[in-house]
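Morning, everyone. I have one structure to go through, and I will keep to the sheet and the pockets.

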Amino acid sequence: MAFFKSKSGNTAGLVDLDHLPRHIAIIMDGNGRWAKKRGLPRTAGHKVGAEVFRTIATYCKDLGVDYLTVYAFSTENWKRPQDEVNTIMTLLKKYLLESIDTMAKDNIRLRFLGDLSVLSEELQELTEETNAISATLDGFQANICLNYGGRDEILRAARSFAEDCAIGTIGADALTEELFSEKLFSGGLPDPDLIIRPGGEKRVSNFLLWQCAYSEFIFTDTLWPDFKKEDLDAAIIEYQSRNRRYGGV
Ligand code: IPE
Ligand code: IPE
Ligand code: MG
């Protein structure tokens, strides 16, 4: 097995570039606590967190990971104070505008998972623009979960299947895991191999409930705004030390 020096430039870990997780997912948590520790408003943590996302996405691409899926805003996050929600949406707009300028050059495709219909018209138009650019590219893909909830996703797929049954395009017996997966927001994507949750909490918080059946989980206390390329290396190295049995021996 060939090991390579970590591409982050840090010699602390050796990432085996021949056995990378094809799909990494990250619950980007800890922005608020990061800001609070510094006496800053929670929104300051989201600003830094957005930059960290950009850095880590580019790093995943450079390593040779095919897909990065990040949890950016959950179906439950609307409960937060209005100014915090507004800041997150403003950061999203900034990110989309920057991406429209850079994604073709960087060969980074973007896809959004979640119900975008409740976002502002402007944001929806920008996501359509990034979708159109993505369709012309063939490189690394970053999936951004926005107004995303795992239960909501499963419920929508179940509803859609029930409608298909009602109009007779398919019989209930014909439903398979593959067909059901295709109806999820993540339709067409491989399941995540590795799910990382920074921020210290050890729960899934409604993220990729269907898709995580055989994902490897790594929980780290590092808050997302402090997350570095070296932390991704460390997570990949730990992932590579695990034995995935999928129920076998
Ligand atoms: C994650 O960080 C970002 C979003 C959920 C939008 P948090 O804002 O949840 O940060 P903590 O968990 O309160 O520190
Ligand atoms: C999960 O983090 C959602 C995102 C990172 C977008 P939360 O901060 O919302 O999760 P809980 O409240 O700790 O479960
Ligand atoms: Mg949180």
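I will take the sheet, then the two pockets. Please keep in mind that this is a predicted model.

So, the sheet. There is an open sheet of 6 strands, paired in parallel. Reading across, the order is β5-β6-β4-β3-β7-β8. At the edges sit β5, residues 109-113, and β8, residues 216-219, and each of these pairs on one side only. From one strand to the next, the twist averages 20°.

Within that sheet, look at β3, residues 23-27. Strand β3 runs parallel to β4, and the two pair over 5 bridges. As one entry point on the display, histidine 23 has tyrosine 67 of β4 as its bridge partner.

Now the largest pocket. Its volume is about 760 Å³. The lining holds 32 residues, and those closest to the pocket centre are Met28, Asn31, Tyr71, Ala72 and Asn77. Which elements give two or more residues to this lining? They are the helices α1 (31-37), α2 (42-63) and α3 (82-106), together with the strands β4 (67-74) and β6 (141-148). By class, the lining has 15 nonpolar, 8 polar and 9 charged residues.

On to the second largest pocket, with a volume of about 210 Å³. Its lining includes Glu177, Glu178, Asp191, Asp193 and Arg244, and also Trp210, Tyr214 and Tyr246. By class, that lining divides into 5 nonpolar, 2 polar and 5 charged residues.

That is what I have; the display stays up for discussion.

Note on methods. Residues are numbered from 1 along each chain as its sequence is written. Chains are lettered from A and ligands numbered from 1 in the order in which they are written. This is a predicted model: local features need pLDDT of at least 70, side-chain atom pairs count only at pLDDT 80 or more; totals for chains, interfaces and linings use all residues. Side-chain values use heavy atoms; hydrogens and water are left out. On a 1 Å grid over the protein atoms alone, a cavity is a set of points where a 1.4 Å probe fits but cannot get out, and a pocket is an open set with protein on both sides within 12 Å along at least five of seven lines; lining residues have an atom within 4 Å of a point. Grid points are joined across faces, edges and corners, and a volume is the space filled by probe spheres set on the points. Helices (H or I, at least four residues) and strands (E, at least two) are DSSP runs, numbered from the N terminus. Ala, Val, Leu, Ile, Met, Phe, Trp, Tyr, Cys and Pro count as nonpolar, Asp, Glu, Lys and Arg as charged, and the others, Gly among them, as polar. Two strands pair if DSSP finds at least two bridges between them. Axes are lines fitted to C-alpha atoms, for helices over the stretch in contact, and angles run from 0 to 180 degrees between N-to-C directions.
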